[in-house]
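Q: I'm new to this structure. Please take one part of it and walk me through it closely, in plain words.

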There are 4 protein chains.
Amino acid sequence: MSVNGSPELLIVMTPGATAEHVSAIVHRLAEAGVRARVSRGREATVIGATGDGELLAALPLDGFPGVDQVVPIVKPYKLVSRELSSGPTVIEARGRRIGGGSFGLIAGPCAVEDREQLLETARAVAAAGATMLRAGAFKPRTSPYAFQGLGAEGLELLEEARAETGLPIVTELVDPRQVELVLATADVIQIGARNMQNFGLLAEVGRADKPVLLKRAPSASIEELLMAAEYVMKEGNAELILCERGIRTFERATRYTLDIGAVPVLKAETHLPVIVDPSHPAGRREYVPALARAAVAAGADGVIVEVHRAPEEALSDASQQLAPAEFAELAGELHELAARMGTGVAAAPASPPG
Amino acid sequence: MSVNGSPELLIVMTPGATAEHVSAIVHRLAEAGVRARVSRGREATVIGATGDGELLAALPLDGFPGVDQVVPIVKPYKLVSRELSSGPTVIEARGRRIGGGSFGLIAGPCAVEDREQLLETARAVAAAGATMLRAGAFKPRTSPYAFQGLGAEGLELLEEARAETGLPIVTELVDPRQVELVLATADVIQIGARNMQNFGLLAEVGRADKPVLLKRAPSASIEELLMAAEYVMKEGNAELILCERGIRTFERATRYTLDIGAVPVLKAETHLPVIVDPSHPAGRREYVPALARAAVAAGADGVIVEVHRAPEEALSDASQQLAPAEFAELAGELHELAARMGTGVAAAPASPPG
Amino acid sequence: MSVNGSPELLIVMTPGATAEHVSAIVHRLAEAGVRARVSRGREATVIGATGDGELLAALPLDGFPGVDQVVPIVKPYKLVSRELSSGPTVIEARGRRIGGGSFGLIAGPCAVEDREQLLETARAVAAAGATMLRAGAFKPRTSPYAFQGLGAEGLELLEEARAETGLPIVTELVDPRQVELVLATADVIQIGARNMQNFGLLAEVGRADKPVLLKRAPSASIEELLMAAEYVMKEGNAELILCERGIRTFERATRYTLDIGAVPVLKAETHLPVIVDPSHPAGRREYVPALARAAVAAGADGVIVEVHRAPEEALSDASQQLAPAEFAELAGELHELAARMGTGVAAAPASPPG
Amino acid sequence: MSVNGSPELLIVMTPGATAEHVSAIVHRLAEAGVRARVSRGREATVIGATGDGELLAALPLDGFPGVDQVVPIVKPYKLVSRELSSGPTVIEARGRRIGGGSFGLIAGPCAVEDREQLLETARAVAAAGATMLRAGAFKPRTSPYAFQGLGAEGLELLEEARAETGLPIVTELVDPRQVELVLATADVIQIGARNMQNFGLLAEVGRADKPVLLKRAPSASIEELLMAAEYVMKEGNAELILCERGIRTFERATRYTLDIGAVPVLKAETHLPVIVDPSHPAGRREYVPALARAAVAAGADGVIVEVHRAPEEALSDASQQLAPAEFAELAGELHELAARMGTGVAAAPASPPG
């Protein structure tokens, strides 16, 4: 309830709305226990509604005749909101942190393909300064005829790679029936772009006790990404990393359009750490370093980069994975840039590997 | 294997590609059992690859150095392709058909809200000429604070509505763990736009013996919709209806941009019936009739329209649901237009209700 | 000035806005002679501004510190607005009408290429039931190496085609320095999609005494199209036809995405006639008829279609121009559909040709 | 195949194309003096065309029946292409350089509003390290009721600002009839986003002897930007700066989506300097610094930033203009970052001011 009656929702009526249209809305608001104040004027009537925000959000007022627009004054998300937190959320997995001045450099192959491929790549990214290892055991692919990942066997290989390098494992969960299986291995559970609005999956990881890396869907607005994060936090899991990975636009020179503006917007809106995947928007490895540097310069708390022992042999995303030497050069640049930005002051490992 | 060696894939090299770059690709193709023919020239070298299409699609050739573009000559989908079928696929559920000259008019509320709401609406759409009843028991919603559907109770109410009206039930499946539950009630299983690339779910309904209504995701290309359909057909289920429901663009005067061009494109590419949802792109009920008529005029085999006993009381999508009287007027227009288009010659019920 | 003080602009402050932020805005509004009413509340403060609409639109209030959003209650366009007109605007050129129940079927080649090509095509479209002839003498082309039109010579050929067929001429103006030249020939001046926001050009045709056909730019919102029309009407020319011709989206199966929803939106917002160009969004001739029929079924007052004596020989847009026989079949369907829609009751010529 | 016999265009036929379809194309190519090689196969026939590239680009082969796709092997632009230049183009105006290791920091108000506003802002940006002064005398505005600029009077004020600060003037040309007027003042002629495909204007500045700053239209592809640059260079003016300023997408949290990936793509494709406007995509001043830093980190040769003596009083773009103190802080960061990137080694003034 508002102290002195400021509206939380404005209902703007069309010029042709009748007195009956207006009273139907006022009546409905009253039914729902919401106070209304009506301003009638020459051009349009505006109704200000004041009451419980959650209740107001659920009221489908734009379905009433005579309504031109419904303007929410209060943001639809709460738990993820910067206002609700005393400071930035810091995610920690096996001693490696992301957020609040710790820069996360997550690297590894698109998919686990075999033991040699994974271990060689894991060693290379660890040596180059990666703070976490990424690789998919379950791969959602556009074509049913493409390589779909090694599944459980891939998870075992990831455990071996972690044992050897000490790097925490970031790996994707694609099906709610595999939650236990993936949680047994993953240090950070990735929810991929295609599943950002798979609400059953979000609820599952919302009940897990592992951090979640939530990727933005290529057609999701920033607000929808925050609402998806709200689904996870509402179930109790406050350990979330948000990841911008490119949106779908008309431009085809790159695979997706990296929405670099999402970084400052998200940093302003939420207390959660924000990272960027430069590999998927680039689509070609020669553009990855520029996008990764841009992400850090824009204020990202980390990047997640695809690296493959031998990119031209990769079974997926071959054109966008970096070779180990390319990654090593980039990693140095990124850590240095993060240190200057203030997002990387504590980037050094918080605990010894192994 | 090609009779006289026409390439199925063209690999266009960059102007700066070296002889080593070219031989690396030829070598890789040879390893994979694919024949290559190299055309070296002044501006660029082009490699034509001939072999097993599935195998070629899986080869990540664009990851090789020196590659400018990889041009597939053969479409990436097969089972859904018009070339593979002797005629249009006709979907039938409880005697009501869609496709091949039968016009499907699927109508009903966005969500099952309560017994009265569902039964009244069902009676109204049946009386107006709907051929199937739609309503969601499980509702994926952007906000975790919004109404999420009645679940199993909603399915029971749908059975009651079917018993009374005789209309087959179209309802959404959102989680692979609910396949059995939803299949027990649904006559046609809807895969919603947010789940178009939920490949686990697609595989499940691919093994079901009920028709599937697959909605295009708002950021999916037409090709990706066809690939998602291919996932279902690959598992054995050939009973598929494709549904265009608006894509996400910069325009905000409507909720989504109805891609009306998808109708003739899909009709040309696939043998599957194509329907249109005019309600979600419209976003406001006053635009729904224009979009529905446009869909039929463009050649759609059916439309799926949101109708609610009392739209202004709806718990979701209130602004876009039609009132029964609005729907009745529209239904008449659509059946008449479909008859003239040749998509509705057999639109009359094939079996008595009840 | 509002009778009882309804705001015409709402300024919603951020939660962190201070009293100083609020008074700075109130002060600025007062300076501009605009009354302000402040509602302070728990979540946010909202300022309602009431005064001269034009003046309010020019006030850049979102530049002030503490402002979250500025919500206009009154639409930014006036002269084009449906509210300002007693009925639909009807455009007439040489006895042929568009709007208010008269269906306009504008057809002809993309560009004037030579005498034979133009005259043959003009005769064919006239015989098939076209009500106006379209063809470009000046062609804006993406590539500087492509055919740019015949220029003044093309205009002369258009006059010859008009003399023979009696069809009024619709042709494009691309440069303000050619206004007199083009006006001497054109019956309807086309402003192409690329020039929708060429404000110097809009002002020129706003002072002309010929009707203007204004095409929507592929990235322009519907509101921006209406604002461009407002530029023309503000200069005095009230003879305007609006044309939807496809917007740029991520989908590439068609050349542009026809925004079919723009038809009902524009019909609701403006009194001006609304037509559709199905050729440019289709990009391929086999999709043109479906889009044209959809346009008429959605309520368009006309269509403008590219037709070429021999499309495969066309110097531009070859893939999307219809052959005369294809157009003849389509024209019959469209006239019939328009008659049924009520947009074509007066489609017959109002005066004899020649 | 011969030294200069590689195809420059591939014509891929549909599976259903007949022998007649193929020979019609071969015949047309022969007529045009282009050699064709036909590969017939199981799935599709492919025709490779070899000849004069300009001629091939003009041939509308996709209009022929049976054609599935036309794949250009050679890029449609030439003069702007990196391959045609021995090194990066460096633009110089009054001793200030952009490109080839010189970082351009262009700053100033959106529009010239009055003498005090311009001079105060000019002094502030000069003191902070700007290398050029930007400000519009002619303002293209979406609304005909908005401030349209001071016109010729604005140009005079710009000359005064230059005399005092020594900064070269970057100002926009919007109408070909004002070429002489604007050229008399401008050191760099800006072609705004709305005029990127105003080909008459491009031809005019292509004949001018001043550098041109060409902004990408919000719906133009990178390739179309390069084609627009080709229009300018084709007329003889090789002094071009390309500017990415955000594209139009579905996301509304920022005004436009800055296509940061355009920076590495353009740097790879062309020898021309590439700069970024962070102000228009940001839309709000608090996001400008992040986007500006991202641009420099991505490899841009400069940025163009809106700065206003008192942003909250600005007559246009008020919400996105930086205050002088904000700009001063940003300018230092950008020069330092550019120096580290190697794009700013020669950023210091090449000549004394005034």
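A: **Where chain D meets chain A**

Turn chain D by 180°, with a shift of 0.0 Å along the axis, and it lies on chain A with an RMSD of 0.1 Å (a least-squares fit on the C-alpha atoms of residues with pLDDT of at least 70 in both copies). Keep in mind that this is a predicted model, where local features need pLDDT of at least 70 and side-chain atom pairs count only at pLDDT 80 or more, while totals for chains, interfaces and linings use all residues. As for labels, residues are numbered from 1 along each chain as its sequence is written, and chains are lettered from A and ligands numbered from 1 in the order in which they are written.

Which residue of chain D comes closest to the rotation axis? That's D:Ala294, whose C-alpha is 2.0 Å away. Both copies use the same surface here, with 100% of chain D's contact residues turning up again in chain A (contact means C-beta atoms, placed from the backbone, within 7 Å).

Now zoom in on that contact: chain D puts in 31 residues, and chain A 31 as well. On chain D's side, α8 (262-269), α9 (279-282) and α10 (288-297) each bring at least two residues. These helices are DSSP runs of H or I with at least four residues, numbered from the N terminus. The largest share, six residues, belongs to α10(D). By type, chain D's side splits into 20 nonpolar, seven polar and four charged residues. Here Ala, Val, Leu, Ile, Met, Phe, Trp, Tyr, Cys and Pro are nonpolar, Asp, Glu, Lys and Arg are charged, and the others, Gly among them, are polar.

Chain B makes a handy companion case. A 180° rotation with 0.0 Å of shift along its axis lays chain B on chain A, at an RMSD of 0.0 Å. The two copies are therefore related as by a two-fold rotation axis. In chain B, the C-alpha nearest that axis belongs to B:Ser219, at 2.7 Å. Once again the same surface serves both copies, since 100% of the contact residues of chain B recur in chain A.

Finally, step back to chain A itself. It is divided into domain 1 (9-72) and domain 2 (82-341), with bounds from an automatic or database domain assignment. The centres of these two domains, taken over C-alpha atoms, are 43 Å apart.

How values were computed
Contact = placed C-beta atoms within 7 Å.
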